[in-house]
Amino acid sequence: MEPISIVGGGIAGLALAASLDPGRFEVTVYEKRPELPTVGTALGMWPNAQRALERIGVLEEARAVSPVIGSGWVRNAAGEPWVTVDAGGMFGISRIDLLRLLDAAVPGTVRRVTSHAQALPAGGGLLVGADGVHSMVRREAWGARTAAGLTPYLALRGTLPTRVSPDAVGEYWGRGDLFGMAASYSGMFWYASYRSDLGPYGIDAASALEQARERYAGHAPAIRQVLAAAAPENLLVQRIWTVPRLGSYVRARRVLIGDAAHGMMPTLGRGACESLVDAVTLADLLNTLPEGQALRAYDRQRRLRTRALSLASSALGRVALAEGAQPLRDRLLDLARRRPEPAAVGRGSAA
């Protein structure tokens, strides 16, 4: 049996542990949390993530507890729609439900160690850093220069038991802030991002919620209603951090997956999806190829792809969270909204 140590028992780490061949590998997962989280947010599952869930064997269970996202609008701060977005067959699963399904898919042969790893695990074998944007594995093996970078933005993610109106679903872009809401299996998810001086660590949820209520006081009524009903105990608050570009996700017998490799702005909603794809890609390569060849193939397949998505998420973030350029952005999107349909233009010309 070949030993593999996975540091981090979140989405990437559990998906990898669930996908590795238990007849070939002796897997140990190190996770600092003794229990799964009880507060979460919606994670949009793009087609590539759905294929990963199918590979793990939990796709149908995931769909059963997740509404199809359908279509929504990108709106201005007042709630006036600019652009409709059709999500096709995407669905939005609660992070809590996703972790629960992945945890249940991990074979019983996998050893679980509940501790906060302060140093790289000893004992030899392949070491996988699945320990998030502040990855200890990345810091120890790639060096201090790869430490996560702090953005000026705060991210709030919450849930409510009430259903969201179809007329309110979507994302609202203001001046230096955004707000989104979507349906969940038992109510609604909402999220907000804006420039804030809270944190960067140990942010009090009640203080962040009060700050958000002040920040969005002049925004659309639907936003104000959500924030008025929100409760700190159903809220996740974090500053947004990103991971610098790495020359490789592999160093000797150490490999990074998920946010440890490519933590990015959340504006594209691809972080959890790419973590799942990382995990099943690495597992399938390790299951079928010699380790060295598998690691080189993984780095080749995943690094450029995730780098492109990271750049795209940063670019979209600059547009969605525009401050000085916000009036120009709004004027351009207003023009897009008011542009006549092609058929209407044709009829007008014919007349």
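**Exercise 1. Find which leucines form a nonpolar patch on the surface, and place L332.**

Start with the patch: it consists of L328, L332 and L335, which together have about 300 Å² of accessible area. Patch members need over 30% relative accessible area and no salt bridge, with nonpolar side chains (Val, Leu, Ile, Met, Phe, Trp, Tyr) joined within 5 Å. The areas come from the Shrake-Rupley method with a 1.4 Å probe, and for residues only the protein chains shown count as cover.

Next, look at L332, which sits in helix α11 (residues 326-338). Helices here are DSSP runs of H or I with at least four residues, strands are runs of E with at least two, and numbering goes from the N terminus. L332 has a relative accessible area of 51%, so it's exposed; the cut-offs are over 50% for exposed, under 20% for buried, and partly exposed in between.

A word on the model: it's predicted, so local features need pLDDT of at least 70 and side-chain atom pairs count only at pLDDT 80 or more, while totals for chains, interfaces and linings use all residues. Residues are numbered from 1 along each chain as its sequence is written, and side-chain values use heavy atoms, leaving out hydrogens and water.

**Exercise 2. Work out where the salt bridge between E274 and R302 sits.**

First, the distance: the closest N and O atoms are 2.6 Å apart. A salt bridge takes a side-chain nitrogen of Lys or Arg within 4 Å of a carboxyl oxygen of Asp or Glu.

Then trace the chain: E274 belongs to helix α9 (residues 271-288) and R302 to helix α10 (residues 291-320), so this pair, 28 residues apart, links distant parts of the chain. E274 is buried at 0% relative accessibility, and R302 is buried too, at 5%. Finally, widen the view: R270, E274, D278 and R302 are linked in a network of salt bridges.

For contrast, try E210 and R213: their closest N and O atoms are 3.9 Å apart, and both lie in helix α6 (residues 205-215), about one turn apart. E210 is partly exposed at 39%, as is R213 at 30%.

**Exercise 3. Give the strand order of the open sheet and find its edges.**

Read off the order: β7-β2-β1-β8-β15-β14, six strands with mixed pairing. Strands pair if DSSP finds at least two bridges between them. The edges are β7 (111-114) and β14 (250-251); each has a single partner strand, so one side of each lacks a neighbour in the sheet.

Now zoom in: β1 (residues 2-7) and β2 (residues 25-31) run parallel over six bridges, with E2 opposite F25.

Notes: Patch = residues over 30% accessible without salt bridge, like charges linked within 9 Å, V, L, I, M, F, W, Y side chains within 5 Å. Buried < 20%, exposed > 50% of the residue type's maximum accessible area, 1.4 Å probe, protein only.
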